[in-house]
Amino acid sequence: MANLKEEEIRRIVHRATMFQKFYGSSTQQPVSKLEKEYPDLFEITDSLNIDRAFVCEALLEHHGIPVEEPVIVDAGFNNAEVLGFSSGDLNPDTLKELRAQIEYHFNTVGELKHRKNKTTWKATPRGLSRFISSQNSPEVDLELSGSALKITAKQSMKTFNKFYFPALAGIFASVMFFAASVFGEMGSEGEVGIIVSVIFGFAAFLFSRFMNKRKLKKKTKLVDLVERLQQILARRQKVEVSTSNTISIPEDNYEGTDEIEIKDTKKVSTD
């Protein structure tokens, strides 16, 4: 089997099984080049009744599909926004997989809105999640821009920003203790006041740094989501391109045209 280890085979089979379970059936045709290159793999998947088209998709995904790296857009202190570009069409099957990936990432359901050149997924959480901005704010736009598809993922950071209040309180306490120590309000305890001021200030610094890392991690996850959507679009386009067949008819190789029978009643001679 061409350069495939046992663990890689299991991963490909598992992924192809997931594709088949998700889609049910495929409108694509298997990629003949891959069938010839990995005959043993397809023999295994055939015995498991897995559609060869899904095995091809799993193989392409396993090999990796290069995509343009998404970028984090400056959307202010309260919001996170990531922008990426890809090629490919938003046919129903592709859109179905994209939606499933988005809802899996945000761990919530959502609704799709279609406009002329734009499709928007908006989170519609249920229960208490409706009142949490990090859960009710996620939004993904898929917009045709020229020959490319622009992907924009957005999410509010207000929920995380509320956790900065302890850091602000620590800074305020640090300033107050320092001021009281400097201006003699604490009397002989001035040195203790300075020490307490430093402790509060350092704790506030560490906590704000921790929250900054949490916010950056959240933005990085948005980058991962956009990159994953790009890979899905690129993979499905690659399968479509690989399986598209054109029929060519030789111009000077017609046979049996000396006599053309029409409705079994007339004969037209080309002589």
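## Strands side by side

Let's start with one pair of residues: T119 stands opposite L142 in strand 5. This is a predicted model, and it shows strand 4 and strand 5 running antiparallel, joined by five bridges.

Strand 4 also pairs with strand 3 (residues 110-114), again in the antiparallel sense and over five bridges. Here L112 has W121 in strand 4 as its bridge partner. To get from strand 3 to strand 4, follow the hairpin, which joins them through three residues.

## The largest nonpolar core

Now look for the nonpolar residues. In soluble globular proteins, nonpolar side chains tend to be buried together. The largest nonpolar core in this model has 24 residues, and the members touching the most others are I102, F106, V140, I151, L222, L225 and L229. At least two residues of this core come from each of strand 2 (79-86), helix 5 (92-106), strand 4 (118-123), strand 5 (139-145), strand 6 (148-156) and helix 9 (190-243). Which of these gives the largest share? That is helix 9, with eight residues.

## A closer look at I151

What does I151 touch, once residues up to four places away in sequence are left out? Its contacts include V82, L83, G84 and S86, along with V140, D141 and L142. I151 also touches V226, L229, Q230 and L233.

## A second core

There is one more group to find in the structure above. A second core, separate from the one just described, is made of 17 residues. Among them are I9, F19, L34 and L60.

Key
Residues are numbered from 1 along each chain as its sequence is written. This is a predicted model: local features need pLDDT of at least 70, side-chain atom pairs count only at pLDDT 80 or more; totals for chains, interfaces and linings use all residues. Side-chain values use heavy atoms; hydrogens and water are left out. A nonpolar core is a set of buried Ala, Val, Leu, Ile, Met, Phe, Trp, Tyr and Cys residues joined through side-chain atoms within 4.5 Å. Buried means under 20% relative accessible area, exposed over 50%, partly exposed in between (1.4 Å probe, protein chains only). Helices (H or I, at least four residues) and strands (E, at least two) are DSSP runs, numbered from the N terminus. Contact means heavy atoms within 4.5 Å. Two strands pair if DSSP finds at least two bridges between them.
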